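Let's walk through this structure together, starting with its charged contacts and moving outward from there. Keep the sequence and the 3D view open as you read.

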Amino acid sequence: MRDRLWGGPRRGYHHGNLRETLIEAARHLIAVNGPEGFSLIEAARLAEVSPAAPYRHFPDRNALVDAVAARGFVLFGERLQAAAAGTRDAATAFRRMGAAYLAFAREEPGYYAAMFEVRRSPGVAAGEGESAFGLLAAAVRGIMPPGSFDAATIDAISVEIWALSHGIAMLTGSGGVLKRAGVPSAEDLLDSAVTALIEGHLVRRRERAG
């Protein structure tokens with residue numbers, strides 16, 4: 001079981017990296033059991049340290065989950081940024097970011113669950129989460145006609161797009177709905193849903209202006 005969780009040879013604790021080893025252990029346990037489905041003792045067992053060892057860095061299990069979430073937001077932002085890089089076409093960059101969002105949720109279930117399925121401590125990963133949101137808002141701004149929306153509206157649209165992305169990611173993870181005959185891939189579904197959302201905002205803007 002331990003080798004399966006780690007996805008390779010056992011990686012016991014080595015001097016100097018206990019905190020990192022515990023974060024990695026918690027990430028694997030969350031991926032398998034969910035964010036509420038493990039204890040510090042189980043993380044210690046997977047990390048091959050004594051039950052008391054985690055308390056050198058984490059006062060309780062929630063603090064360890066917070067650390068996993070903070071790490072996840074950093075990697076999530078890096079994935080979004082990398083997806084948008086390499087093209088000067090704003091629409092292409094935007095679509096790539098959407099696909100990267102879904103890929104991260106699918107490939108990193110431990111991080112994703114810690115980020116979005118638990119109530120984190122106040123301030124945990126706030127900066128990293130805002131950074132990821134800033135990347136999304138900038139991408140939304142890039143595909144809109146110049147001057148079409150003010151900053152507050154762009155932020156509101158970005159939140160709606162994030163909600164769509166999260167919903168599709170969760171439905172993909174749970175199976176069922178998105179595996180029905182005739183339902184497009186998660187990436188195509190997100191692309192069409194976001195396109196409809198943005199077009200709806202632009203139509204309402206033209207109606208108000210007219």
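A search of the whole structure finds 7 salt bridges, a salt bridge being a side-chain nitrogen of Lys or Arg within 4 Å of a carboxyl oxygen of Asp or Glu. Before we visit some of them, please note that this is a predicted model, in which local features need pLDDT of at least 70 and side-chain atom pairs count only at pLDDT 80 or more, while totals for chains, interfaces and linings use all residues. Residues are numbered from 1 along each chain as its sequence is written, and side-chain values use heavy atoms, with hydrogens and water left out.

For orientation, the chain holds 9 helices and 0 strands. Helices (H or I, at least four residues) and strands (E, at least two) are DSSP runs, numbered from the N terminus. Of the 210 residues of the chain, 42% count as buried. Here buried means under 20% relative accessible area, exposed means over 50%, and partly exposed lies in between (1.4 Å probe, protein chains only).

A good place to settle in is helix α2, which covers residues 18-33. Its 16 residues reach 22 Å from the first C-alpha to the last, close to the 22 Å expected at 1.5 Å a residue; the expected span is 1.5 Å times one less than the number of residues. Many α2 residues are buried, including L18, L22, I23, A26 and I30. Just after the helix, G34 takes a positive phi of about 90°.

Now look at the charged residues of α2. Where does E20 find its salt-bridge partner? The side chain of E20 meets that of R71, at 3.0 Å from N to O. This pair links distant parts of the chain, with R71 in helix α4 (residues 61-84) and E20 in helix α2, 51 residues apart. R71 counts as partly exposed at 25% relative accessibility, and E20 is also partly exposed, at 38%.

A second bridge stays inside α2: E24 pairs with R27, and their closest N and O atoms are 2.5 Å apart. Why can these two be separated by about one helical turn? E24 and R27 are 3 residues apart in helix α2, so about one helical turn separates them. In general, an α-helix has 3.6 residues a turn, so residues three or four places apart point the same way. E24 is buried, with a relative accessible area of 18%, and R27 counts as buried at 17%.

Moving to α4 again, R79 forms a salt bridge with E107 (3.2 Å, N to O). That pair also links distant parts of the chain: R79 lies in helix α4 and E107 in helix α5 (residues 90-107), 28 residues apart. R79 is partly exposed, with a relative accessible area of 31%, and E107 counts as partly exposed at 46%.

These contacts come together in a network of salt bridges that links E24, R27, R79, E107 and E108. E108 is buried, with a relative accessible area of 16%. It also has a neighbor from elsewhere in the sequence: E108 and A31 are 77 residues apart in sequence and 7.7 Å apart in space, C-alpha to C-alpha.
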